[in-house]
Amino acid sequence: MLRCRDIYEFLDAYIERTLPFLVRVKFALHLLRCAACRAYLATYLKTREIVVRSSVSNDLGEPPEELIQAILGSRETMTEERSSES
Amino acid sequence: MGEPRASGSETSFVAALRTGDAAAYERLVREESPRLLAVTRRILRNEDDARDALQDAFIQAFRNISSFAGASKLSTWLHRIAVNAALMKLRTRKRQAEDELEEAAIEKALPTFSADGHWAFACRDWSKSADGLLQARETRELVRSALDALPTQHRLVLVLRDIEEMDTQEAATALGISETACKVRLHRARHALRTHLAERIGDAEPLRKTTR
């Protein structure tokens, strides 16, 4: 019989469906009768969803033009250095 | 991440880059910079460092475009370079001692259990109330502060695996750790992040009797 501590340890394997069949059945049976573990699983999944969705949509601020120009400038400098070396 | 092969149009674009075509380089920088800057921002959490890392990444790409074999998409190749440039920048500003302190600190954010294996706190299901957060502007700050509360090494594993969608082997290689260490850190980071989010969503989970 699995305990709540085991649910915590096996949670990722359960979500990724990599648990052996028997352990998966025991895991599911524990979830059926344990509201605390169901709550933990639901909030764990929600955490991952929130983090992925907010991170992907949040960090896409356009780079400033001066940064673009600095990058293009560094390439031109490299090209000139290579030309003078050869 | 997936490794689709470069398409025909990409092959000709890469050929233009290899010949030093300035217009091709400008197109590459303008098209890829927003996405790559987002990557370096997520890893470094500091705007100046993120911009420096982006510039370093493009310099690396310019230098090594001749060695790009086309086994992956150009965008995937650039993504790896940007991740490595950001990690390199992070390594220069952090010390080993700080990492060790942070390793110890994450324990406080992991779930605790009673002697009989039950949760040592009252687990509440706040997933439904969190649904509204996905639409709110405040979510950005909430997630940012929860991520910032993680020790750096754990945050990095989580960012590379769950947000940048690297597999365990890629993330472990980028971070210079074993795959086992990568899996352990990811497990702890995800659970600690859940704790930090639970605190910030405002649905406090009172402690029961704790044994560790």
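What follows is a walk through a predicted model, starting with one chain, moving on to the contact between two chains, and ending with cysteines and a surface patch.

Chain B is a good place to start. Its secondary structure is made up of ten helices and zero strands, so a reader going along the sequence meets the pattern α-α-α-α-α-α-α-α-α-α. Chain B has 212 residues, and 53% of them count as buried. Contacts in this chain often link parts that are well separated in sequence: among those with a separation of 6 or more, 74% join residues 24 or more positions apart. As for the outside, chain B exposes about 10200 Å², and 49% of that area is supplied by carbon and sulfur atoms.

Next comes the place where the two chains meet. Chain B brings 53 residues to the contact, and chain A brings 45 residues. Between them, chain B and chain A bury an area of about 4500 Å². Carbon and sulfur atoms give 65% of this buried area. Charged side chains also turn up here, with three salt bridges found across the interface of chain B and chain A. Take the pair Arg30(B) and Glu65(A): these residues form a salt bridge, and their closest N and O atoms sit 2.8 Å apart.

What about the cysteines? The count of disulfides over all chains comes to zero, and a couple of distances help to show how that works. For Cys4(A), the closest cysteine sulfur belongs to Cys37(A), at 3.7 Å. A disulfide needs the two sulfur atoms to be within 2.5 Å, so the sulfur of Cys4(A) is too far from that of Cys37(A) for a bond. Cys4(A) itself is buried, because its relative accessible area is 2%. Cys123(B) also has Cys37(A) as the home of its closest cysteine sulfur, this time at 6.8 Å, which is again too far for a bond. With a relative accessibility of 13%, Cys123(B) counts as buried too.

Finally, chain A has a nonpolar patch on its surface. Phe21(A), Val25(A), Leu29(A) and Leu32(A) make up this patch, which covers about 440 Å². One of its members, Leu32(A), lies in helix H2 of chain A, a helix that spans residues 21–33. Is Leu32(A) buried or exposed? Its relative accessibility is 66%, and the cut-off for exposed is over 50%, so Leu32(A) counts as exposed.

Technical notes
Residues are numbered from 1 along each chain as its sequence is written. Chains are lettered from A and ligands numbered from 1 in the order in which they are written. This is a predicted model: local features need pLDDT of at least 70, side-chain atom pairs count only at pLDDT 80 or more; totals for chains, interfaces and linings use all residues. Side-chain values use heavy atoms; hydrogens and water are left out. Patches are made of residues with over 30% relative accessible area and no salt bridge: like charges are joined within 9 Å, nonpolar side chains (Val, Leu, Ile, Met, Phe, Trp, Tyr) within 5 Å. Accessible areas come from the Shrake-Rupley method with a 1.4 Å probe; for residues, only the protein chains shown count as cover. A salt bridge is a side-chain nitrogen of Lys or Arg within 4 Å of a carboxyl oxygen of Asp or Glu. Helices (H or I, at least four residues) and strands (E, at least two) are DSSP runs, numbered from the N terminus. Buried means under 20% relative accessible area, exposed over 50%, partly exposed in between (1.4 Å probe, protein chains only). Contact means heavy atoms within 4.5 Å. Buried area is the accessible area (1.4 Å probe) that two parts lose on being put together, summed over both.
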